[in-house]
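Visitor: I would like to learn how to read a protein–DNA model feature by feature. Could we go through one together?

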2 protein chains.
Amino acid sequence: MLTRSEEDHLKAVHALLQDGASAFTKDIAERLGTKASSVTVMLKKLTDKGLLKHEPYYGVKLTGKGQTAALRLVRKHRLWETFLVERLGFGWDEVHEVAEQLEHVSSDKLTDSLDEYLGHPRFDPHGDPIPDRNGKVQSRNIKPLAGCLVGERVRIAAVKDPSDPLLQLLDEKGIGIGMVFEVHARQAFDGSLELRRKQGPPSTLSALVAAQLLVEPARP
Amino acid sequence: MLTRSEEDHLKAVHALLQDGASAFTKDIAERLGTKASSVTVMLKKLTDKGLLKHEPYYGVKLTGKGQTAALRLVRKHRLWETFLVERLGFGWDEVHEVAEQLEHVSSDKLTDSLDEYLGHPRFDPHGDPIPDRNGKVQSRNIKPLAGCLVGERVRIAAVKDPSDPLLQLLDEKGIGIGMVFEVHARQAFDGSLELRRKQGPPSTLSALVAAQLLVEPARP
DNA sequence: AACATAAATTAGCCTTGTCTAAAATATATA
DNA sequence: TATATATTTTAGACAAGGCTAATTTATGTT
């Protein structure tokens, strides 16, 4: 059984390793709002429990056991986010903090029942994949919107680092997961993009925001 | 903001005071699976926070603020139990432990959304009333014992017309307000009922007496 | 009244998880 | 290569919340 703090550290490591990056003590601390010295202690503890490999002064890697545990947490987090948005009517920018608490409730029966109740969703409201009960995630052909060519037709698949201000901005511009756009123009001087949708007004996005949006190919 | 342990103690006090009984340190400890000495410390802490009145060596009472906080916990607990049973298909005997965890999730928006999602239920799967967002509890779901079915588990809530001889009779049979029984058998020919309690001997009541007793559903 | 017993409290210790400050290590630069 | 800097780890302190053991208070009995 893991404590809440252990779970938080495990999830932070998993999140940092996600993008192919490596997980450093200071990054974990920053992500959790604690100090590096505290993280060191927890890393040792999780290593002793066989959840990760921690070579002092070098990086951290997840063991198979740690990977499994981390994926269970991710699964719970994203299932709860889905529940909050789809059933309780939360905005997609209001769910993170609450899901952060709900994910620590430990009951396999609860998790699996919720999964079934929601119809085994494979992606959460932010477009991130939900691991199934065996830890399998559905993979997709996604890339940053910023790298798309003019004329490409794409579906918004996910938000890379979903911060509240960013989600709110997207909400204001009427951009959400699952929506389909055509890249209509790119400003050479600042890299901003103009998107067209089938109906409704076009939207202009800064290069910075476009780099945060992950898209998948969409049929015309 | 209350810690989880503070919430647990507050709820224990509230539960003990429910039946008109008084809350003693050792009872709280027993209920929480801790030691009396630990409880004493927490009682002092909650008293300092203005949630209860604790006269050392005498009892504990809830302040208005404490009552409000306790009712919010009860509300969350029972709403989650309802959700688990009605939506996720849990058995009524499987929900307590999970609801015990879920009730500590702090988000008013979550609680109120859940309440609305469930259609503002007024009683949980055990028949216990669910306080509304202002702490109001629905007048209880009471009915004459005489109309109960064999197998029902009920708490004695009131005596309809309390005459001295009747009260004396009940006293002799060891029956009082707040006690919980299971209706174990009904004699067809005269309508008399046999009641079983958790410990101790069974009691047989005439149909006349059973008509005088008002009961409410009780959890096992 | 005096004493025995039960319950509550206090005192002191332990574990967990955090912190700060100091020491150790790795890395970049002159 | 030597050294400056950034990062990590270690050492020691502290608060929360639990425990045991000893003390205090209330209550019941002779």
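**Reading the DNA surface**

Guide: Of the 20 residues around DNA strand C, those that come nearest are Ser37(A), Ser38(A), Lys45(A), Lys26(B) and His54(B), where a residue is near a strand if one of its heavy atoms lies within 4 Å of it. Of the atoms of DNA strand C that come within 4 Å of the protein, 78% belong to sugar and phosphate. This is a predicted model, in which local features need pLDDT of at least 70 and side-chain atom pairs count only at pLDDT 80 or more, while totals for chains, interfaces and linings use all residues. Residues are numbered from 1 along each chain as its sequence is written, chains are lettered from A and ligands numbered from 1 in the order in which they are written, and side-chain values use heavy atoms, with hydrogens and water left out.

Visitor: Which side chains have an N or O atom listed beside a phosphate oxygen of DNA strand C?

Guide: A polar contact is a pair of N or O atoms within 3.5 Å; within protein, one must be able to donate a hydrogen and the other to accept it, and residues adjacent in sequence count only if both atoms are side-chain atoms. Here the side chain of Thr3(A) places an N or O atom 2.9 Å from a phosphate oxygen of DNA strand C, and the side chain of Thr40(B) does so at 3.0 Å. A backbone N or O atom of Lys35(A) also lies 3.0 Å from a phosphate oxygen of that strand, DNA strand C.

Visitor: Which element gives the most to the surface near DNA strand C?

Guide: Helices (H or I, at least four residues) and strands (E, at least two) are DSSP runs, numbered from the N terminus. By that numbering, helix 3 of chain A gives the most to the surface near DNA strand C, with four residues.

Visitor: What is found around DNA strand D, and which contacts reach its bases?

Guide: There are 21 residues around DNA strand D, and Lys26(A), His54(A), Ser37(B), Ser38(B) and Lys45(B) come nearest. Sugar or phosphate supplies 79% of the atoms of DNA strand D within 4 Å of the protein, and bases supply the rest. A side-chain N or O atom of Ser37(B) is 2.9 Å from a base oxygen of DNA strand D, and a polar side-chain atom of Tyr57(B) lies 3.2 Å from a base oxygen of the strand. At the phosphate, a side-chain N or O atom of Thr40(A) is 3.1 Å from an oxygen of DNA strand D. Helix 3 of chain B gives the most to the surface near DNA strand D, with four residues.

Visitor: How much area do chain A and chain B bury between them?

Guide: The size of an interface is often given as the accessible area lost when the parts come together. With buried area taken as the accessible area (1.4 Å probe) that two parts lose on being put together, summed over both, chain A and chain B bury about 1,600 Å², 69% of it on carbon and sulfur atoms. In chain A, Leu88(A), Gln101(A) and Tyr117(A) lose the most area to chain B, together 29% of what that side buries. Counting contact as heavy atoms within 4.5 Å, 19 residues of chain A meet 19 residues of chain B.

Visitor: How many salt bridges are there between chain A and chain B?

Guide: A salt bridge is a side-chain nitrogen of Lys or Arg within 4 Å of a carboxyl oxygen of Asp or Glu. The count between chain A and chain B is two, and Lys109(A) forms a salt bridge with Glu94(B), the closest N and O atoms being 3.1 Å apart. Seven residue pairs are in polar contact between chain A and chain B (both at pLDDT 80 or more). Helix 6 of chain A gives the most to the side of chain A that touches chain B, with five residues.

Visitor: What does the salt bridge between Asp112(A) and Arg75(A) tie together?

Guide: The side chains of Asp112(A) and Arg75(A) meet at 2.8 Å, N to O. Asp112(A) lies in helix 6 of chain A and Arg75(A) in helix 4 of chain A, so the pair ties together parts that are 37 residues apart in sequence. Arg75(A), Asp112(A), Asp115(A) and Arg133(A) are linked in a network of salt bridges.

Visitor: Is Arg155(B) buried or exposed?

Guide: Buried means under 20% relative accessible area, exposed over 50%, and partly exposed in between (1.4 Å probe, protein chains only). Arg155(B) counts as buried because its relative accessibility is 16%. The side chains of Arg155(B) and Glu216(B) meet in a salt bridge (3.4 Å, N to O). This pair links distant parts of the chain, with Arg155(B) in strand 4 of chain B and Glu216(B) in strand 8 (residues 213-217) of chain B, 61 residues apart.
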